[in-house]
Every structure is written in C-alpha cells, then in structure tokens.
Protein chains: 2
Amino acid sequence: MMPTADGVVRASKLPLYHQLYEILREKVRRAEWRPGEMIPSESELLKRYGVSRVTARQALDALVRDGLIYRERGRGSFVARPALEKGIMRILSFTEDMLQRGLTPGTRVLCAGVIRAPFEIAEKLSVEAGEELVRLERLRLAENEPLSIEESHLIHRYCPGILKHDFAQESLCEVLERDYGIRWSRATQVIRAVVAAPREAEILSIRPRSSLLFLERISYSQQSTPLEFLRIQYRGDRYALYNELTG
Amino acid sequence: MMPTADGVVRASKLPLYHQLYEILREKVRRAEWRPGEMIPSESELLKRYGVSRVTARQALDALVRDGLIYRERGRGSFVARPALEKGIMRILSFTEDMLQRGLTPGTRVLCAGVIRAPFEIAEKLSVEAGEELVRLERLRLAENEPLSIEESHLIHRYCPGILKHDFAQESLCEVLERDYGIRWSRATQVIRAVVAAPREAEILSIRPRSSLLFLERISYSQQSTPLEFLRIQYRGDRYALYNELTG
DNA sequence: TAGTGGTCTAGACCACAAA
DNA sequence: TTGTGGTCTAGACCACTAA
C-alpha cells in the first residue's frame, strides 16, 4: 500500500503524513540523497506535495526519531550518517549480518518441509498444536566455512507455497516481503550457551561437545502477529554478539 | 527547571509541549493515575493548561512513544501497564538481575587486589598499559548454587581505597555511587559461548568443558569515560539472556 | 536580509466508542 | 447523540544561520 509514483494520495486510507514519511524514507534508503546532504526544506515540501506545514513536520519528525535525518535550525534538514545502532539491536538477515562483519555469506539447505506444530512451538507462535508449519533448516557459511545452523518455523497458512523457492539462492526475508507482504516489526529472543550435539557438531565441522551460542527468536509481523519461530546455533569459536546497554 | 507547581509557564524557555509532557510524565510516574485508568481527555487538558490542541497532542504523543500511556479513538487515553523494556537492555547489578528472576542472590569473593593493567585491558579502558587497576573476582550464587564468575577491573585512581570494603556483603555498584559518585550511564558488551576451563569448571561445580555464556563489558561513567572492564562467565545450563529486537 | 527550522494557535472534519 | 482521539489546514511569531 505504498503511495503510487511520487506524490501523496488524498483518497488513500493512509494519513498524508505517513505517506510523506514513507516517500522520504525510501528516498533516504535508496540513497537518493547522500549522508550529510541537505534534503528539501519544509517550504519546498509543502509546495511539492501540497500538504500543510504541520503535516510535513509530522513526517519529518518521524524520520528524525528513526535516526535517518537530523535538522538544524536556520540551516536545513540533512541525511544522517549511518547511525550507530543506539543500543537497540536490529533484526538482521544473515546476509546483512555477514556483510556488516565483512564476511562472504553462503547457505546450504539441510531440510525443507511442512510439519505439524509440536506443542512447545505452537505455544510460542500462538497457534494450535498440530497447525501446519513450514520448517526450513539451513547451514550458514562465512567465507565458505560452516558458521551456524538455522531452523526456521513459519505458520504455513500465512505463506502457502513458499517451499517452491530455493532458499540456497533466495533470502527467506525477501521472499516473505515480496510474495507475501510480510515484514518483521520486532522480535524477542533468548540467548544461551549450549553444548553441541553430535549431529550439529558434525554439520558445523567442530569437535563434539564444543560450545555453541544458541538463539531462540520469535519474530512478529507488522500486525504484531508472531509468524516465525527461529533457532540458531552459532559456532562459539567464530561468532559473537555485540550490544549496548543503558544505565 | 521543572515547571513550578502544576501549570505551564509561558515565560519559560522550555517549550509548552515539553513542560506539559514533564508534568504528565511525573503524574504517571508518581502513580497519580493507576495503570489502565483514563487520564484527562485532550479537551480537558486544553482548558486545564490553556494550550492549544496541537501542543497538548505533542506532549501526549511523546508519552505514547515512551510507553507510558496508550490512546484509543473514541474512548480516551490510559496509563499503560508497566512497560516491558522495549528492546533496550539495561545495566543491572547482579542483585537486581536475580531479584527480577525471582532468585536469591549470593556472593563470595575469590580474589581482590591491585594489578598492573595488561595491554589488552588497558586498551579497552583507554589507559596506559601498567596503570593500576583494582581487580575483583567474585563467585555469584543463585539459591546458594554457583551461577557465575565475575571479574571486574576498575581504574584505581578513580576509586582509591575501594578495596577496604567487603564485597561479599556490599554491592560494588552501591559503593561506587555512594563513596565515589560514579554511576554507569551506558556500557558496551560482547556475548560469546565458550568452553569452561578446568579452574572455572571446578569453581562453578560443573563438568570440565561445559558451555559458558561469556560476557565482556565496558562500562562508562556519566562523563562517558570507560571506568570498568568486566568479564562474566555464566553457567550455560542455568542462565540465559533475554532481549528484544526492532525491525 | 532571506531562508531555515521551532513553536504555537484556532478551527475544521472525520472515525469510532459508548450510552 | 455525545465525547473521544486522528487528521489536516492556514497562518503567525520566533531564533538561528549564512550571505
């Protein structure tokens, strides 16, 4: 439900300030303006999009809160430098994560199919036990070396037919967004240290009983519906998480 | 620079919406209204504080973003239930952490002394190698069972004489705040899974080569000076971290 | 001095909830 | 029907920056 072309649609159900916010956010994201560069002033936006000043400011304020732009009185509004994630951990796809770390990502599919939700997973996804889930198990590589095993569980009825894709080539995230309009708004996760089971040790090419960093994550759609339950087991010797805390 | 009494001050340098925000935030914080209870409607706030609707809404929107209130069209604005810390991890003392988890904390001091900063720690604290550091190693207990080993390193010149305290009884955090005026404003940390070394396994009463959740944390004072380098090794079988991610 | 963003106002129409 | 919050407008004055 994006505003068509490049302008706001007054007939739309989406508020004008939200449409304008989306338009400007896309321009920043697509790097239409470079970091540090000035974006159109408020008065230009009023003329360009035919909205009132308050409405335009509502959109701009949201961009400031997102850390995408900053504003200086008397000077203008500017695209922010790629922000240091202010203590907030973002949901990253494996590919994004690897590229940020300067590593080349790779993927092999270990297993892909539909299963009946066991009780403990059904509970986390707020569905009935026995509900159909898409289960996708992938080996993730960094620089062609095994790094982690990811086991995704998606509620099948929200993404029917998704298994026809080859997830060694395509990103699950991208397919969900492109074909099903699903994007993650937030997630909760538990972080543990566990001992590698024999099967996982073999797949990851490590000694049995090595340490693994183990994540269990529930991801929520924009409608705040839990749609994915994810388990990731990272090789303890090759992966660490980084975060910031506030006082 | 709080608004005096209970009203906005038009002569103040602080914007009206910010004054109103502070006033309302205090009322919520002091539990003047109970969670779930309706707060005055916009029209009441306009009359009560003599501001325009846009201004009042600016204050209310900020409270919504803070998670202190929620609003429902046609019904009113209500005090939110105690919010789940929205993805931001806070720096907790061991005691706070245990009490939140409903466990009884305990501490034994394994080692306390002054050392010369080795290179890798000096670097993280931005001091010269060889600078005097207070090193405090503690065993942490939950329900009288070993849970973790904490190794703190503090820059000695910021807290001279701190070792006269008995840290089996006193909290390091509290002593730092009370006697030295030091409080943590933020921290950065790295999270890993490691294999327990023989000494640590013995202290923690676990099998050798068990998995440990390993944190390395640098804590910054209010002046943004790094003052503490902390290593914590948690038993993997008894401890997990929880956090939230944003999309 | 001209242009920018920061603040504030009075008033309007709407969708929605509850009585 | 009444009251609530959601959206939007046109216009105003201000402080600040840069020429």
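**Entry 1: DNA strand D, polar contacts**

I started with R71(B) and found one of its polar side-chain atoms 3.0 Å from a phosphate oxygen of DNA strand D. A note to self: this is a predicted model. Next I looked up Y17(A), where a polar side-chain atom sits 3.0 Å from a phosphate oxygen of DNA strand D. R53(A) goes for a base: a polar atom of its side chain lies 2.8 Å from a base nitrogen of DNA strand D.

**Entry 2: what surrounds strand D**

How many residues surround DNA strand D? I got 25, and the closest are R10(A), L16(A), S52(A), T55(A) and R53(B). Then I checked which part of the strand they meet. Of the strand D atoms within 4 Å of the protein, 68% belong to sugar or phosphate, and the rest belong to bases.

I sorted the surface near DNA strand D by class and wrote down 11 charged, nine polar and five nonpolar residues. Both chains show up here: α1 (16-29) and α3 (53-65) of chain A each supply at least two residues, and so do α2 (42-49), α3 (53-65), β2 (69-72) and β3 (76-79) of chain B. The largest share comes from α3(A), with three residues.

**Entry 3: over to strand C**

I ran through the list again for DNA strand C. It is surrounded by 25 residues, and the closest are R53(A), R10(B), L16(B), S52(B) and T55(B). Sugar and phosphate make up 69% of the strand C atoms that come within 4 Å of the protein.

For this strand I looked up three contacts with phosphate oxygens. A polar backbone atom of S52(B) is 2.7 Å from one. For E42(A), a polar backbone atom is 2.8 Å from a phosphate oxygen of strand C. With S77(A) the side chain does the job, an N or O atom of it being 3.1 Å from a phosphate oxygen.

Which helix gives the most to the surface near DNA strand C? I found that α3(B) does, with three residues. Elements that each supply at least two residues include α2 (42-49) of chain A and α1 (16-29) of chain B. By class I wrote down five nonpolar, nine polar and 11 charged residues near strand C.

**Entry 4: a small sheet in chain B**

I then traced the sheet in chain B: three strands, open, in the order β1-β3-β2, with antiparallel pairing. Its edge strands are β1 (38-39) and β2, each of which pairs on one side only. I found two bridges joining β1(B) to β3(B). One partner I looked up is S77(B) in β3(B), which is bridged to I39(B).

**Entry 5: helix α6 of chain B**

Last stop was α6 (residues 172-180) of chain B, whose buried residues are L172(B), V175(B) and L176(B). Why do these line one face of the helix? Looking down the axis of α6(B), I saw that the buried residues fall within an arc of 100°, so they line one face. That fits the textbook rule: an α-helix has 3.6 residues a turn, so residues three or four places apart point the same way.

The face of α6(B) turned away from the buried side carries the exposed residues E174(B) and R178(B). I also checked what covers the buried residues, and the cover includes β6 (132-142), β7 (145-155), β8 (184-195) and β10 (226-235) of chain B.

Finally I looked at both ends. S171(B) caps the N-terminal end of α6(B), with a side-chain oxygen 3.3 Å from the backbone nitrogen of C173(B). After the helix comes G181(B), which has a positive phi near 65°.

Conventions: Residues are numbered from 1 along each chain as its sequence is written. Chains are lettered from A and ligands numbered from 1 in the order in which they are written. This is a predicted model: local features need pLDDT of at least 70, side-chain atom pairs count only at pLDDT 80 or more; totals for chains, interfaces and linings use all residues. Side-chain values use heavy atoms; hydrogens and water are left out. A residue is near a molecule or strand if one of its heavy atoms lies within 4 Å of it. A polar contact is a pair of N or O atoms within 3.5 Å; within protein, one must be able to donate a hydrogen and the other to accept it, and residues adjacent in sequence count only if both atoms are side-chain atoms. Helices (H or I, at least four residues) and strands (E, at least two) are DSSP runs, numbered from the N terminus. Ala, Val, Leu, Ile, Met, Phe, Trp, Tyr, Cys and Pro count as nonpolar, Asp, Glu, Lys and Arg as charged, and the others, Gly among them, as polar. Buried means under 20% relative accessible area, exposed over 50%, partly exposed in between (1.4 Å probe, protein chains only). The arc is that of the directions from the helix axis to the C-beta atoms. Contact means heavy atoms within 4.5 Å. Two strands pair if DSSP finds at least two bridges between them.
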